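Biologist: Let us go through this model together. I will ask, and you reason your way to each answer.

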Amino acid sequence: MAEKRLKDVAEAMGVSVVTVSNALSGKKGVSPATADAILDKAVELGVDLSRYKNRQEKTYTIGMFVSSRYISLGDSFYWTMYEKTAYAASRKHCFSMLEISREESAEAPLPVMLSHQQIDGLMIIGRLQEDYMKKIIRCSQVPVVLLDVYRRSYGCSAVMSNNYYGMYRSTAYLIDHGHREIGFVGTGVTSDNVIERFMGFRKCLLDHGIPYHPEYVVRDRDIDERIILELPDKLPTAFACSSDYAAQFLEMELKKKGLKIPDDISVSSYDNFLYQRAESIPYTTYNVDMNQMGRSAVKLLIRKMEGKDTETGAKYIDSSIIERGSVRTLPATGEDRNV
């Protein structure tokens, strides 16, 4: 069975069985990038890696730090991202520990796992208060990788969903289905990710010769993350939402007006992460590939802990549109609506 699985990996990667065996065993002659790709494919195909556990000479402890604002057990985008990243770390024979911030300011203490020197590398998942983020990065004595947050001024590496391109595609999906009056739901002041998604939305409209209407841009929350979504008096035929979370609150407001998705308003979204709300319909959305993001962040941090990567910058992970039932196709000539 093991040889059969190695053959499956070899066929999928277009290499020999010997190359697969050497890569999993950590032998010379296989580039690090190829070896990592082969390991990922082996995991995907269910190869028993226990016989290759000596492939890595050292086991690392990775600390994962996330704001309490964004995480709650069983119902959180970042909790799910943490789980998938922790799983990716375990596949690389690394231990992981999670710490949740309770206080974020320049005067706040460093994460306990940093101050107690319990970890070999740190991964920060999501955005922290700006001064606190910079303090942690500046004071850290171990390599730091950011996950789903990035600013060049931080001076460290990050793994990101491709916000700009993903929102471009989500908006283009609406255009491809005949929509020419398209709004946007999201508040850029709360997230750099949302700013990038808004710019992708704007560029998509520009490229397709579709007018941008500022009155169709709807803020979904304020800087303190309180929901403030209010619909404009005149509605477009469709909204591109910055997240599935925002789409759910849009749907609630539309229902108050007696409007349904997609019969009255079409919706495309971003994340492919539906919260536990049974009354929400499944949205057509751009998938955030958390599995690939987690694997990429772990591999990047390991290379930094091994001293093999000193570069900084962001790596963007592409994905695809998940088609569901939230977008209605309009006639080619458009459709007049009076709402």
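Modeller: Start just past a helix: α8 is followed by G209. Note that the model is predicted.

Biologist: What is the sign of phi at G209, and near what value does phi lie?

Modeller: G209 follows helix α8. Its phi is positive, near 65°.

Biologist: How far does α8 reach from its first C-alpha to its last?

Modeller: Helix α8 covers residues 192-207, which is 16 residues. At 1.5 Å a residue, 22 Å is expected. The reach in the model is close to that, at 23 Å.

Biologist: Why do the buried residues of α8 line one face of the helix?

Modeller: The buried residues of α8 include N193, R197, F201 and L205. V194, F198, G200 and C204 are buried too. Seen down the axis of α8, the buried residues line one face because they fall within an arc of 155°.

Biologist: Which residue's side-chain oxygen reaches the backbone nitrogen of N193?

Modeller: Look at the start of α8. A side-chain oxygen there comes to within 3.1 Å of the backbone nitrogen of N193. That oxygen belongs to S191.

Biologist: On to V217. Is V217 buried, partly exposed or exposed?

Modeller: V217 sits in strand β7, residues 217-218. Its relative accessible area is 25%. Buried needs under 20% and exposed needs over 50%. With 25%, V217 therefore counts as partly exposed.

Biologist: Which residues does V217 touch, leaving out those up to four places away in sequence?

Modeller: I137 makes a useful distance check: it is 80 residues from V217 along the chain, and their C-alpha atoms are separated by 35 Å. The contacts of V217, with residues up to four places away left out, are F184, F198 and Y212. One of them, F198, is also among the buried residues of α8.

Biologist: Is S157 buried or exposed?

Modeller: S157 lies in strand β5, residues 157-161. Its relative accessibility is 4%. The cut-off for buried is under 20%, so S157 counts as buried.

Biologist: With which side chain does the side chain of S157 make a polar contact?

Modeller: S157 touches residues including V144, V145, L146, L300 and G313. E311, T312 and K304 are also touched. The polar contact of the S157 side chain, at 3.1 Å, is with the side chain of K304.

Biologist: Now the sheet. Which are its edge strands?

Modeller: The sheet is open, with six strands and parallel pairing. Its order is β2-β1-β3-β4-β5-β11. Neighbouring strands are turned by 20° against each other on average, direction ignored. An edge strand pairs on one side only, and here these are β2 (95-101) and β11 (313-317).

Biologist: How many bridges join β1 to β2?

Modeller: β1 spans residues 61-67 and runs parallel to β2. F65 stands opposite E99 in β2. The number of bridges joining these strands is seven.

Biologist: How many residues of β3 are buried?

Modeller: Strand β3 covers residues 121-125 and is mostly covered. On one side G121, M123 and I125 are buried; on the other, L122 and I124. The count is five of five.

Biologist: Which residue of β4 stands opposite I124?

Modeller: β3 pairs with β1 in the parallel sense over five bridges, with V66 opposite I125. β3 also pairs with β4 (residues 144-147), in the parallel sense over four bridges. The residue of β4 opposite I124 is L146.

How values were computed
Residues numbered from 1 in each chain as written. Predicted model: local features only at pLDDT ≥ 70, side-chain atom pairs only at ≥ 80, totals over all residues. Heavy atoms only, no water. Helix = DSSP H or I, 4+ residues; strand = E, 2+ residues; numbered from the N terminus. Buried < 20%, exposed > 50% of the residue type's maximum accessible area, 1.4 Å probe, protein only. Contact = heavy atoms within 4.5 Å. Polar contact = N/O pair within 3.5 Å; in protein donor to acceptor, adjacent residues only side chain to side chain. Expected span 1.5 Å × (residues − 1). Arc of directions from axis to C-beta. Pairing = 2+ DSSP bridges. Axes fitted to C-alpha atoms, helices over the stretch in contact; angles between N-to-C directions.
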